[in-house]
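Hello,

Here is the structure we talked about handing over. Please load it first, then read the notes below.

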Amino acid sequence: MLKLGAHSPTAMAEPSKTKIDRLGDRLRKGPAEKSDLITLDGYRRSFGPAYEQVVQIIRDQLKLNPSGRPAKSTNSLVEKLKRESIRLTQVQDIAGCRVVVRNVPEQDRVVESLSDAFPSVSIVDRREKPSYGYRAVHVIADFAGKMVEVQVRTELQHMWAEISEKYADIYGSEIKYGGGEEKVREFLEMISETVAGYEENELVISKLTKSNRIEEIQEKMDLLKKKIATRLDEEIEFVDRMKGEKE
Amino acid sequence: MIFLIHYNRTAGEIVKLKEFDDSERSIAADARLALELELVGKKDGNEVCLLEARSKEALRLTHRRYFESLRTLTASGSSTVAALDKP
């Protein structure tokens, strides 16, 4: 009988980098064997201490309330290995957590605080160059070689990401990476661009609070807001009409 | 709290959700592995994930996809936009 506890990092030595990368190759080819899932589990658990440290710092020092994902799901990991020519040991989001904030100025403040809170970080800003519509800032903290990704999203960026994930469940994950149903991709890209336009103006307003152009910019923002809401309402009608959608 | 979620992507629904205390991280990880091993060879669409949040309500806000249909997600997106405050 399998003794699961025996695979915890305290009970067994961490596999070598070569062994982990070979595991990644096997997972990429698939299908996953039980022995591979057990090795993968041990590798993912080795991120536990770094993950716990990151979450504790975010809670205690930044007074934020993240939701965490101590270890990336096997599905997501295998999909990533298949999609990108990347070794398993190079995957930076094995462990991670998510913080959702109100708007872009707050997002900038949180990213700055995170950069100050951790000894070694790299920042991936997907607001200027979105990944197929996905916009957010990822702060990757490095604890002695163990990377922990902190996703910082605004409410609107998060709304987009959740809808995109749900569409990926229905139409396939290629939707998130430039493939799949064209109509869905166009909808997601259009919403993402409009949200980006809204947030760009939101940032301008926060920087020019004393400007005489505030009203002009606010009008532009109201129009963008209306555009997003109208398109989402149209999409609801589309979803209602869609055949085969499993609610 | 720790949440072990067995989600079916094809159906867009949670098959099973189990809750663990923060002190049961290792037990929760064991349960995840056991579930993954149980699902080996089963048809696609199964996703197993372990998530942590202060409460189930907090988790529902940051990982809505697991809990809501596409329609309700899109509708709530529309409400989110409508409720946006002027900066």
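**What is in the model**

Chain A has eight helices and five strands. Along the sequence they run α-α-α-β-α-β-α-β-β-β-α-α-α. Keep in mind that this is a predicted model.

**Confidence**

The scores are ipTM 0.92 and pTM 0.87. Chain A has an average pLDDT of 88, and 91% of its residues reach at least 70. One stretch of chain A, residues 1–11, has pLDDT below 50. In the model that stretch still makes 17 contacts beyond near neighbours in sequence. Chain B averages 91, with 97% of residues at 70 or above.

**Overall picture of chain A**

The C-alpha atoms fit a box of roughly 65 × 50 × 30 Å along the principal axes. Chain A has 247 residues, and 51% of them count as buried. Take the contacts between residues at least 6 apart in sequence: 63% of these join residues at least 24 apart. The exposed area of chain A is about 12,300 Å², with 48% of it from carbon and sulfur atoms. On charge, there are 42 positive and 43 negative. Their mean positions lie 6 Å apart.

**The cores**

The largest nonpolar core has 37 residues. Val54(A), Ile58(A), Leu88(A), Leu114(A), Phe118(A) and Val150(A) touch the most other members. Helices and strands both feed this core: α1 (17–29), α2 (34–45), α3 (48–60), α4 (74–83), β2 (95–101), α5 (104–117), β4 (137–143) and β5 (146–154) of chain A each give two or more residues. The largest share, six residues, is from α3(A). Another core lies apart from this one. That second core has 29 residues, among them Ala161(A), Phe187(A), Ile191(A) and Leu232(A).

Two members of the largest core deserve a look.

- Leu88(A): beyond four places in sequence, its contacts include Ile20(A), Leu23(A), Leu40(A), Tyr43(A), Leu77(A), Leu81(A) and Ile94(A). Asp21(A) and Gly24(A) are also in contact with Leu88(A).
- Leu114(A): this residue sits in helix α5 of chain A. Outside four places in sequence, Leu114(A) touches Ile58(A), Leu62(A), Val121(A), Val139(A), Val150(A) and Val152(A). Its C-alpha atom is 11 Å from that of Arg59(A), a residue 55 places away along the chain.

Is Leu114(A) buried or exposed? Leu114(A) is buried, because its relative accessible area is 0%, under the 20% cut-off.

**Backbone points to check**

Most residues other than glycine have a negative phi, and most peptide bonds are trans. Three places in chain A are worth listing against that background.

- The peptide bond from Gly30(A) to Pro31(A) is cis, with omega near -10°. Pro31(A) is in the loop between α1 and α2 of chain A.
- Lys63(A) is not a glycine, yet its phi is positive, about 55°. Lys63(A) is in the loop between α3 and β1 (67–71) of chain A. Lys63(A) counts as exposed because its relative accessibility is 68%, over the 50% cut-off.
- Tyr132(A), also other than glycine, has a positive phi near 50°. The loop between β3 (121–125) and β4 of chain A holds Tyr132(A). At 46% relative accessibility, Tyr132(A) counts as partly exposed.

Best wishes

How values were computed
Residues are numbered from 1 along each chain as its sequence is written. Chains are lettered from A and ligands numbered from 1 in the order in which they are written. This is a predicted model: local features need pLDDT of at least 70, side-chain atom pairs count only at pLDDT 80 or more; totals for chains, interfaces and linings use all residues. Side-chain values use heavy atoms; hydrogens and water are left out. pLDDT is the predictor's confidence in each residue, from 0 to 100. Contact means heavy atoms within 4.5 Å. Helices (H or I, at least four residues) and strands (E, at least two) are DSSP runs, numbered from the N terminus. Buried means under 20% relative accessible area, exposed over 50%, partly exposed in between (1.4 Å probe, protein chains only). Accessible areas come from the Shrake-Rupley method with a 1.4 Å probe; for residues, only the protein chains shown count as cover. Lys and Arg count as positive and Asp and Glu as negative; His and the chain ends are not counted. The place of a charge is taken as NZ of Lys, CZ of Arg, CG of Asp or CD of Glu. A nonpolar core is a set of buried Ala, Val, Leu, Ile, Met, Phe, Trp, Tyr and Cys residues joined through side-chain atoms within 4.5 Å.
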